[in-house]
Every structure is written in C-alpha cells, then in structure tokens.
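Hello,

Here is the structure I promised to pass on. My notes on it follow below.

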Amino acid sequence: MDAESEPIRIGLAGCGRVALSIHLKVLASLPGVRVAAIAEADDERRRAARTLVPGAAAFADYREVFARPDVDAVVIALPTGLHAASAVAAFEAGKHVFLEKPLATRLDDGRAVLAAWRASGRTGMIGFNYRFNRLHVELKRFLEARRLGRPVAVRSIFSSARRELETWKRERASGGGVLLDLASHHVDLARFHFGTDIEEVTCLLQSVESEDDTAAVQLRLGGGLLMQSFFSHSAADEDRFAVYCERGSVKADRRYGLSLELSTGIDRRHRLDQGRHVWRSLRGAGYGFEKFRAIGHEPSYGRVLAHFVGALRGRHPATPDLEDGYRSLEVVIAAEESARTARSVGVGVPTAGAGPR
C-alpha cells in the first residue's frame with residue numbers, strides 16, 4: 001500500500017440496512033481512509049448512502065466500483081448469495097477485500113474465493129467482528145491462563161427477536177437461514193477461543209417464521225471438547241458464550257458483560273484471587289460505556305474494520321482471514337447435512353448435499 005500519509009481509498013459494495021447504519025459510518029470515521037465509491041442496486045438506498053459520503057462516486061453495479069483505479073480496497077456487504085461471485089471479481093480486479101461473513105453459501109463457491117484470493121496476492125479478511133469484541137478478547141486471555149482449569153464443555157446461544165427480514169434472508173437458496181447468519185459467528189468463536197477445528201456436527205433445524213430460522217446444534221471440537229448451541233431469528237435477543245471448566249464457569253454475554261461462577265469446595269484464597277481477576281477485567285473493559293458509545297452499539301464493528309485498514313498499512317496480519325471463513329462454512333454445511341439425514345456429520349467430509357437444498 002501507499003505510505004502512511006496517503007489515504008486508503010475504499011469502495012463499499014452493498015448499502016443495505018447494516019451497511020448504512022454501521023459500515024459507512026465506521027469507514028467515514030476511520031483516520032487515513034477515504035470512501036471513494038459505493039455500489040447499491042436499490043435507488044433509495046444508494047441515495048441514502050450518498051448523503052453519508054457525498055464525495056463518493058455512486059453506482060448501481062458493484063463491478064463498476066471494482067473497475068475504478070482510484071479504489072485500493074473494497075468492503076463487500078452485499079446479500080449473502082452474492083458474496084462469493086463479488087469477492088472473486090474483486091480479487092481479479094486487483095483489490096484488497098474485506099468480505100462480510102459468510103464466505104459463501106456453498107463449499108465449491110468458497111473454494112473459488114480462496115483460489116482467487118491466493119492467486120491475487122492481495123489481502124483478504126472475513127468479517128467475524130466478534131473476535132474483536134472486548135469481552136471475547138478478555139475471555140480468550142482468561143481461558144489461556146487456565147485459572148479455572150481445563151475446559152470441559154461449552155454452551156452458547158445467539159438469537160434475535162422476531163422482526164421483518166429482508167427478502168433474501170427468508171430463503172436458504174438466496175443465502176438466508178440462521179446457520180449462515182448467526183451460527184457462523186459462534187463456530188468461529190469456538191475456533192478462536194480453543195485453537196482447534198470442529199470435527200463433528202449434529203443439528204436439528206426448524207422453520208418458524210422463515211426457512212431454517214431456528215437451530216439446535218452440537219459440536220465436537222478437536223481434543224473432544226463438546227459444545228451445545230441454540231440459534232434463532234424467532235426468539236429473544238440474546239448472545240451468550242459460556243465455558244464450563246474444572247473449577248467453575250466463565251460467560252461472555254454481549255448485553256451484560258463478563259461473569260464468573262466458581263465451583264463449591266474451592267478454598268477462600270483461590271476464590272478471592274478469581275474475584276479480583278474478574279473485577280480487574282470488568283473495570284479494564286469499561287464494556288457498558290464502550291457499548292453505549294459504539295456505532296451500532298457494538299464496539300467490534302469499528303475494531304474489525306480498523307484492523308483491516310491496519311493490515312493494509314502492514315501493521316499486522318489480516319486475521320481472521322478467508323481461510324477462517326471457509327472453516328466456518330464447512331461447519332455450516334455439515335450442520336445442514338446433519339439436519340437432512342438425522343445423523344452426526346464429520347466436518348470437511350464430502351457430501352452430496354454441500355449447498356442449498
């Protein structure tokens with residue numbers, strides 16, 4: 001990339017609800033970044049985006065953004081069904097790419113993205129922003145310190161209240177479904193926290209308000225660690241990731257912060273030591289205040305895009321990268337196969353149904 005004094009010129013492909021309320025506002029606020037071009041097929045949304053970045057060129061077709069020589073990198077926030085094709089086109093145009101999750105809707109399309117990325121020599125990053133949420137950063141440090149001993153099991157829930165979904169989110173064939181949308185985040189967090197891949201999946205799927213909008217999932221990670229998860233677009237708003245260890249449990253809850261429960265029988269000195277650690281963690285995080293001030297009330301959105309820009313400057317590697325996106329997609333596809341066949345499915349094992357039904 002250019003010297004630090006030169007702005008990084010970014011194009012945004014897709015100006016949907018989240019991109020308008022979060023991506024554009026974050027990008028416009030980052031130092032050393034200029035939004036040079038935007039693309040949105042919907043006329044009303046394109047006009048709304050131009051009011052946020054009036055100096056940016058605006059197009060209906062994202063390929064026109066990719067063709068511009070004054071665009072160094074692109075942020076792709078298109079409907080999920082367009083992720084793979086647009087990412088391949090961006091890499092072939094010589095752009096660095098930040099791709100919102102999921103990587104693709106099918107494994108073969110995901111592999112095409114990986115091939116285009118590797119052939120391009122450009123930076124590729126996937127939008128698993130919760131790795132940058134301070135609660136999960138702190139949880140990872142806590143687990144690595146083994147203060148509660150060895151992890152024994154994991155339980156997680158990620159659900160949202162019933163609300164009107166965009167048309168493309170209502171059907172799996174166009175990229176909808178709770179596994180691609182919400183479960184992909186917790187699958188990635190499991191790999192992030194425990195440093196191992198997921199090896200086996202068992203899944204039950206239901207369609208409550210839209211196709212495949214509710215799922216109960218059991219995962220077996222490398223080393224045998226078990227994880228149970230519930231995901232839904234038709235339940236209460238909740239996002240919690242709990243790890244049960246030999247001497248207690250620690251939970252990251254995006255609404256309430258980080259909490260710790262100790263098992264009975266622990267001596268008083270150890271209990272006080274753990275209490276002090278959690279108190280320091282919560283005070284240092286300042287989580288509630290940070291969340292209140294954050295764009296979209298989720299601090300990790302700003303951090304993940306700032307990390308992408310820092311990677312383009314050569315300050316650090318771009319992580320999570322597109323390989324991480326593919327590993328998450330493998331688990332989603334295996335979960336769908338499990339739901340179809342009513343059996344446990346090994347992750348990465350070729351199946352006849354590796355894609356939309």
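Strand β11 (residues 238-245) is largely enclosed by the rest of the structure, because 6 of its 8 residues are buried (buried means under 20% relative accessible area, exposed over 50% and partly exposed in between, with a 1.4 Å probe and protein chains only). Helices (H or I, at least four residues) and strands (E, at least two) are DSSP runs, numbered from the N terminus. This is a predicted model, in which local features need pLDDT of at least 70 and side-chain atom pairs count only at pLDDT 80 or more, while totals for chains, interfaces and linings use all residues. Residues are numbered from 1 along each chain as its sequence is written, and side-chain values use heavy atoms, leaving out hydrogens and water.

β11 has two antiparallel partners: β7 (residues 151-159), over 8 bridges, and β12 (residues 248-253), over 6 bridges. Two strands pair if DSSP finds at least two bridges between them. On the β7 side, P151 has C245 of β11 as its bridge partner; towards β12, A242 stands opposite K251. A hairpin of 2 residues leads from β11 to β12.

Now to helix α1. Its 13 residues (17-29) should span 18 Å at 1.5 Å a residue, and the end C-alpha atoms are indeed 18 Å apart, so the two agree; the expected span is 1.5 Å times one less than the number of residues. α1 bends by about 30° at H23, taken as the angle between axes fitted to the seven residues ending there and the seven starting there. H23 is also buried, as are A19, L20, I22, L24, V26 and L27. The cover over these buried residues includes β1 (8-13), β2 (33-39), α2 (43-52), β4 (73-76) and α10 (299-312).

Best wishes

Note on methods: Contact means heavy atoms within 4.5 Å.
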